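User: I've got this model open and I'd like to know what sits behind some of the labels. Can you walk me through them?

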Amino acid sequence: MKGTITTPHKKPKKAELSETKKEENKQLSSLRISVEHLICRVKTFHVASDRFHLGRHRYNQVIMTVCGLVRLHLNSLRIRAL
């Protein structure tokens, strides 16, 4: 699924979606919500949502550090749950 865009099935006019298409939409939405939550966590650092005031050469380093911190936090949550 890497590099592809998947859209949910739309309901046809004056008809209902089949059960298989509804199930596929549910699976897709569960994947999408986890990605949306990760994007939200990155945006809390205001690196991706605000204007970046350091030099362009530093942006990649900063965004990778933020992503690493988010991953570290998620891994610590998984360890606590075990």
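User: Where is Phe-45 found?

Analyst: This is a predicted model, and in it Phe-45 is in the loop between α1 (19–43) and α2 (56–81).

User: Why is Phe-45 called partly exposed?

Analyst: Its relative accessibility is 39%. Partly exposed runs between the buried cut-off, under 20%, and the exposed one, over 50%, so Phe-45 with its 39% gets that label.

User: Which residues form a nonpolar patch with Phe-45 on the surface?

Analyst: Leu-69 and Leu-72 join Phe-45 there, and together they have about 290 Å² of accessible area.

User: How do you know that Asn-25 is buried?

Analyst: Buried means under 20% relative accessible area. Asn-25 comes in at 16%, so it counts as buried. Asn-25 is in helix α1, where the buried residues are Asn-25, Leu-28 and Val-42. Leaving aside neighbours within four places in sequence, Asn-25 is in contact with Pro-8, His-9 and Leu-17.

User: What makes the end-to-end span of α1 agree with what it should be?

Analyst: Take 1.5 Å a residue: the 25 residues of α1 should span 36 Å. The end C-alpha atoms are 36 Å apart, so the two values agree.

User: What about the cysteines: why are Cys-40 and Cys-67 called partly exposed?

Analyst: Cys-40 has a relative accessible area of 47%, and Cys-67 has 31%. Partly exposed lies between the 20% and 50% cut-offs, so both get the label.

User: And how many disulfides are there?

Analyst: Zero. A disulfide would need a pair of cysteine sulfur atoms within 2.5 Å, and by that rule the count comes to zero.

Conventions
Residues are numbered from 1 along each chain as its sequence is written. This is a predicted model: local features need pLDDT of at least 70, side-chain atom pairs count only at pLDDT 80 or more; totals for chains, interfaces and linings use all residues. Side-chain values use heavy atoms; hydrogens and water are left out. Patches are made of residues with over 30% relative accessible area and no salt bridge: like charges are joined within 9 Å, nonpolar side chains (Val, Leu, Ile, Met, Phe, Trp, Tyr) within 5 Å. Accessible areas come from the Shrake-Rupley method with a 1.4 Å probe; for residues, only the protein chains shown count as cover. A salt bridge is a side-chain nitrogen of Lys or Arg within 4 Å of a carboxyl oxygen of Asp or Glu. Helices (H or I, at least four residues) and strands (E, at least two) are DSSP runs, numbered from the N terminus. Buried means under 20% relative accessible area, exposed over 50%, partly exposed in between (1.4 Å probe, protein chains only). Contact means heavy atoms within 4.5 Å. The expected span of a helix is 1.5 Å times one less than its number of residues.
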